[in-house]
Amino acid sequence: MKEVVAHCTGCGKILYCKDGFFEGELDRQKSFCFTCFEQLHEDFTEEETGEFISRLNRKPDQHIGYCGTNAKEVADVLMQDFSDLSFNNSFAVLKENGKIIAALGADWDSKEKTGELWGPFSLAEDEKWQEQADILWRLLQHKINQKGMWYGFYNEQNQQAEKWISRMGGVKQSSEVILHASTYRSSSIYSGKAAVFTAAFKVEFKRLHNTVFPAAYFSADDILTRINDSKRLFIMADGEDLLGYVYVEAVPDHGEGAIEFIAVDSKSRGRGVGTALLQKAASFLFDEMNIKDISICVSAENKAAIQMYKNNAFLEKHRMDFYKLKDDSN
Ligand SMILES: [Zn+2]
């Protein structure tokens, strides 16, 4: 006798009970087919995952903004600076003949209940890509086992990922342009006037950051607690008035730096304050931190800012789409 008793949590396949024996496995009260159960408990290291992700991430049609393209750097991040959960509970992979063929992870923040999606990445095409992405997503949700908000940051050429997250109910929030520079020109008449942030400007800084970036990934307080030798906040002021600020982070070990936030008070726009802050940031990263490559991410709608970066030796590298996916399942 054979009766339907459950559906596989990973692939959705029907699971039967035959002559009193369940043809599947249980994991924390959820049913899995034998294949998905094996994938759920698959062994994988940060190194092999980093190698797989970085290789795929170099192609625009697989590119995801959260992940790098250097295998060692990606492995380093996965080992040291990734997710509040263990690495194995923050990633799901599919393997074939001992090699990773698809992967999806999340940089999960247990306090905020948010996860930046590192994937889906897959070597498959079209329908098979979507099918693997669905399985990885269900396995990952089972591993993380918390409801929350998921973020997708996909190259606009990564059509499989955009199709997948839209199908899951994700909604596009914005389009962003990523620009890079490996050199800069010092031409602003104000460049010498940008200075290191001091506590006297704390209130003004918080006001300006919250006005310009009300829903940013770092709040004003986050930025103030992050400041150290390689993460710096510079300001431009006129007496006690804050005209603008720039917040930068350098990763000297990787030779990379990012301009995370740059903002100019609305009263002070069009006076070269942004350019001066940009050059202060570039000079700190290139000259003091020995950074070889600076990136900046800016809203595609902010054409004036994009033009300012281009005027200062930045080149457009990627156009990205940012998605949010609310998860009410589990
Ligand atoms: Zn299954």
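Guide: Two strands pair if DSSP finds at least two bridges between them. Strands here are DSSP runs of E with at least two residues, and helices are runs of H or I with at least four residues, both numbered from the N terminus. The model is predicted: local features need pLDDT of at least 70, side-chain atom pairs count only at pLDDT 80 or more, and totals for chains, interfaces and linings use all residues. Residues are numbered from 1 along each chain as its sequence is written.

Visitor: What makes strand 9 and strand 16 (residues 315–327) a pair?

Guide: They are joined by 8 bridges, and the two strands run antiparallel. Pairing asks for at least two bridges, so strand 9 and strand 16, with 8, satisfy the definition. Within this pair, Y154 has D321 of strand 16 as its bridge partner.

Visitor: In what sense does strand 9 pair with strand 8?

Guide: Strand 8 and strand 9 pair in the parallel sense, over 3 bridges. One of the partnerships links T114 to M149 in strand 9.

Visitor: Why is strand 9 (residues 148–155) called mostly covered?

Guide: A residue is buried if 20 or more other C-beta atoms lie within 10 Å of its own, exposed if 12 or fewer do, and partly exposed in between, with C-beta atoms placed from the backbone. In strand 9, 7 of the 8 residues are buried. Across the chain of 330 residues, buried residues make up 39%.

Visitor: Why is H254 called partly exposed?

Guide: H254 has 16 other C-beta atoms within 10 Å. That count lies between 12 and 20, so H254 is partly exposed. H254 is located in the loop between strand 13 (241–251) and strand 14 (256–264).

Visitor: What makes strand 6 and strand 11 edge strands of the sheet of 11 strands?

Guide: This open sheet has mixed pairing and the order 6-7-8-9-16-10-15-14-13-12-11. Strand 6 and strand 11 (195–196) each have a single partner strand, so one side of each is left without a neighbour in the sheet. Strand 6 pairs with strand 7 in the antiparallel sense over 6 bridges, and L94 stands opposite A102 in strand 7.

Visitor: Which strands stand at the edges of the open sheet of 3 strands?

Guide: That sheet has the order 1-2-3 and antiparallel pairing. Its edge strands are strand 1 (2–7) and strand 3 (21–22), each of which pairs on one side only. Strand 3 is joined to strand 2 (residues 14–18) by 2 bridges, and K18 stands opposite F21 in strand 3.

Visitor: How do you know that the span of helix 2 (residues 46–57) is close to the expected one?

Guide: The expected span is 1.5 Å times one less than the number of residues. Helix 2 has 12 residues and reaches 16 Å from its first C-alpha to its last, close to the 16 Å expected. Its buried residues are T49, G50, F52, I53, L56 and N57. They cover an arc of only 165 degrees around the axis, which puts them on the same side of helix 2; the arc is that of the directions from the helix axis to the C-beta atoms.

Visitor: Against which elements do the buried residues of helix 2 pack?

Guide: They pack against helix 3 (71–80), strand 6 (91–96), strand 7 (99–109) and strand 8 (114–122). Contact requires C-beta atoms, placed from the backbone, to lie within 7 Å.

Definitions and conventions. Two residues are in contact if their C-beta atoms, placed from the backbone, lie within 7 Å.
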